Protein chains: 2
Amino acid sequence: MSRPTGACPHAWRHQQQPLRGRMWAASPAFRRQLVLLRSLLPSPPAPSSVAGFPPSCPSCSSFLRVRTNHAMAASAGTVYEADAEAVVRRITPPLDRARHKGQAGKIAVIGGCREYTGAPYFAAISALKVGADLSHVFCTKDAATVIKSYSPELIVHPILEESYSVRDDERASVSSKILTEVGKWMERFDCIVVGPGLGRDSFLLDCVSNIMRHARQANIPTVVDGDGLFLVTNNLSLVEGNPLAILTPNVYEYKRLVQKVLNCDVDEETASEQLITLCQKIGDVTIMQKGKADVISDGKTVTQVSTFGSPRRCGGQGDILSGSVAVFASWARHFVLTNEQPTEKRVNPMTLGCIAGSLLLRKAASHAFEKNKRSTVTSDIIEFLGKSLEDICPAEH
Amino acid sequence: MSRPTGACPHAWRHQQQPLRGRMWAASPAFRRQLVLLRSLLPSPPAPSSVAGFPPSCPSCSSFLRVRTNHAMAASAGTVYEADAEAVVRRITPPLDRARHKGQAGKIAVIGGCREYTGAPYFAAISALKVGADLSHVFCTKDAATVIKSYSPELIVHPILEESYSVRDDERASVSSKILTEVGKWMERFDCIVVGPGLGRDSFLLDCVSNIMRHARQANIPTVVDGDGLFLVTNNLSLVEGNPLAILTPNVYEYKRLVQKVLNCDVDEETASEQLITLCQKIGDVTIMQKGKADVISDGKTVTQVSTFGSPRRCGGQGDILSGSVAVFASWARHFVLTNEQPTEKRVNPMTLGCIAGSLLLRKAASHAFEKNKRSTVTSDIIEFLGKSLEDICPAEH
């Protein structure tokens, strides 16, 4: 479809909504259709245009379901509320009896050290609970025994080392050996998650930097969270220009990233423009800024998921999210690659993965809170990942 | 509110009960109102006055719901029965959707050694189940692997050392390193619990003494239980004059404390006066004397919680209590600090934390016993912390 010219620069979008205004236009089925159409449309206008997106364009507003969230009320930037349920349904692959082990996804979490073991476990088990076939953890020896003890479902590799266990003269050889070990597996993974419970040991972070470079060369999508964001913030080249990188900072991590990359503080007045600029400055990455709403940008559009989850803020929910996003991003990538569209119409699968992961966590957290109230902990939320996905996207669909 | 003078020294209190004697005065709602009023009143009379509190003052008796428990029947001291449910409702923060991880509380337990691993786990997981966002454990390396394996929800730091693992000539440097490690985290905590499963190794206790001093300098409330009480009883300067210190001795620990501080035996005839004197002698601390009723004093008032819990006395219930008190004390401190009252009307948040923690344990123990009878163990009680809090203070409140 060619992009027609006209008085309204978004007229080409209006052509996608011939039924607009009919009585059933507001039905859920219609809205799902809209978002599916949207997901196959060319990317929205470049940032400068987004910033100046005419809010008075009623057709665009309706079609794109434009909303501004509270924090962005004063912003001129446009934030699209994702039809996240439609995204989940669209990218989740059907369960095919003819498939083999691994075809629904193989995920690896790079994290887990002497201090932290819960975070990589949460991320890895969440990937399985969302529907991946295999979930690996690459961690230090100290962490491996504990993570293995949490669950027999995970494949845990006690490969990483921290400074205290490596002599200075051994560093180069140990680092090389670690990369070789992880490298043997890398090609098999559909996505890796770097950071849950990684810690901040300098030697370990150096090794993980090598692993990230290797993953990039192998075109493996990479979700970066937790201490992985600490690493990346101090070494932006690890993700610069990588369209398969997803960063998932919380409010504090986002603040550090903005300060480092944009050399200023977070400005809530121009939050969406700042997010777009951040993605562009780093180059090609997708960022999901976690908060009351999860706000997602790939440097072109800004989309949010604001479905209410739970008021509990117990630690570990970010790990569920990173594991879930890894699975959905790999599914979305497969969906986009196998449903051929002209390049200009392709939607960024990393964005779709973020949207789907965000929604699923929020749904599961909502169920868990309804059951456990203030005593809700992360394991309670993981328990509801399956039901939440089934509610949105039944296994028989 | 100024304190009027009159024939009865408690006339100023009588002014708070204009509705006394009306038919609905005994309703739960009215009683809750009374305790809320009380929590905003000036502190009760100084110990000498309490000792001479006229038992015949009917108005005071009604308003303050004065009761003497069995052990104190012959005492002239006045023991106030706390309206603990009202306290829980008052200090528990609403769940706010705009909050971030950590804002509902970050707790740390200092304990766990080669011999004991259950106690610090019980304290730390209880803190999470009551509603804290993050719960840390600082323990020895031997204990860490086991405590981690109990639950991925906890952040366990294998930092402490016992004498057997440290050479004499290394002691100073290891001790210094431990303090540095814990110190890095200290400012983040809203309350620490010292003692569950700590053991009595001399080197380890020296290190924990340093940690307690550091917490005090940083104004971090500190609950002292178990072997922490052994440490403190032998080194009172660790808590002397610290209004943010809470000691939670059981009958044996209390006996040793009385012998050490007051140089006499526990006297049940003058139990409440003795408790007040004990608090005053140590200086500013709050003590919760655990027993059939939990009796709480900060050296000014004596309050008790006598709600029946369970006849089971399985080990570990004290750890649930210390973890719960830590959360409630930090919430109460926040409540008192953010609901400005004239200094003379401020209630001691440490006392409120004890009252709330005591009630919650008793409620949860009651539920657990109803379900499990003689086979009730500590984990069964922890399972009911959430329901017990929800019954008193629904999450939507």
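1. Before anything else, a definition: contact here means heavy atoms within 4.5 Å. With that in hand, look at how the copies meet in this predicted model. Only 4% of the interface residues of chain A are also interface residues in chain B, so the two copies meet through different surfaces.

2. How are the two chains placed relative to each other? A turn of 88° and a shift of 0.1 Å along the axis lay chain A on chain B, with an RMSD of 0.1 Å. The two copies are thus related as by a four-fold rotation axis. If you want to find that axis on screen, go to Ser149(A): in chain A, its C-alpha is the nearest to the axis, at 4.5 Å.

3. Next, the sheet in chain B. It is an open one of ten strands with mixed pairing, in the order E1-E10-E9-E8-E7-E6-E5-E2-E3-E4. Its edge strands are E1 (80–81) and E4 (155–160) of chain B, each pairing on one side only. At the E1 end, E1(B) runs parallel to strand E10 (residues 302–305) of chain B over two bridges, and Glu81(B) stands opposite Gln304(B) in E10(B).

4. Helix H7 (residues 141–150) of chain B packs on this sheet, touching strand E3 (134–140) and E4 of chain B. The direction of H7 makes about 145° with that of E3(B).

5. Have a look at Ser151(B), in the loop between H7 and E4 of chain B. Is Ser151(B) buried or exposed? Its relative accessibility is 5%, so Ser151(B) counts as buried. A polar atom of its side chain lies 3.0 Å from the backbone nitrogen of Glu153(B). Leaving aside residues up to four places away in sequence, Ser151(B) touches Tyr121(B) and Ile125(B), plus Tyr150(A) from the other chain.

6. Salt bridges: the search of the whole structure finds 25 over all chains. One of them joins the side chains of Glu161(B) and Lys141(B), at 2.4 Å from N to O. Glu161(B) sits in the loop between E4 and helix H8 (171–186) of chain B, while Lys141(B) is in helix H7 of chain B, 20 residues apart. Glu161(B) counts as buried at 14% relative accessibility, whereas Lys141(B) is partly exposed at 41%.

7. Arg200(B) and Asp227(B) also meet in a salt bridge, at 3.2 Å from N to O. Arg200(B) lies in the loop between strand E5 (191–194) and helix H9 (202–217) of chain B and Asp227(B) in helix H10 (residues 227–233) of chain B, so the pair ties together parts that are 27 residues apart in sequence. Arg200(B) is partly exposed, at 47%, and Asp227(B) is buried, at 13%.

8. What about Lys290(B) and Asp225(B)? Their closest N and O atoms are 3.1 Å apart, in another salt bridge. This pair links distant parts of the chain, 65 residues apart, and both residues are buried. Over in chain A, salt bridges that share partners join Glu85(A), Arg89(A) and Lys363(A) into one network.

9. Finally, two residues in chain A to compare. Val208(A), in helix H9 (residues 202–217) of chain A, is buried with a relative accessible area of 0%; its contacts include Ile110(A) and Leu231(A). Asn263(A) is exposed, at 70%, in the loop between helix H11 (251–262) and helix H12 (271–282) of chain A. Check the backbone there: phi of Asn263(A) is near 60°, a positive value in a residue other than glycine.

How values were computed
Residues numbered from 1 in each chain as written. Chains lettered and ligands numbered in written order. Predicted model: local features only at pLDDT ≥ 70, side-chain atom pairs only at ≥ 80, totals over all residues. Heavy atoms only, no water. Helix = DSSP H or I, 4+ residues; strand = E, 2+ residues; numbered from the N terminus. Buried < 20%, exposed > 50% of the residue type's maximum accessible area, 1.4 Å probe, protein only. Least-squares fit on C-alpha atoms with pLDDT ≥ 70 in both. Pairing = 2+ DSSP bridges. Axes fitted to C-alpha atoms, helices over the stretch in contact; angles between N-to-C directions. Polar contact = N/O pair within 3.5 Å; in protein donor to acceptor, adjacent residues only side chain to side chain. Salt bridge = Lys/Arg side-chain N within 4 Å of Asp/Glu carboxyl O.
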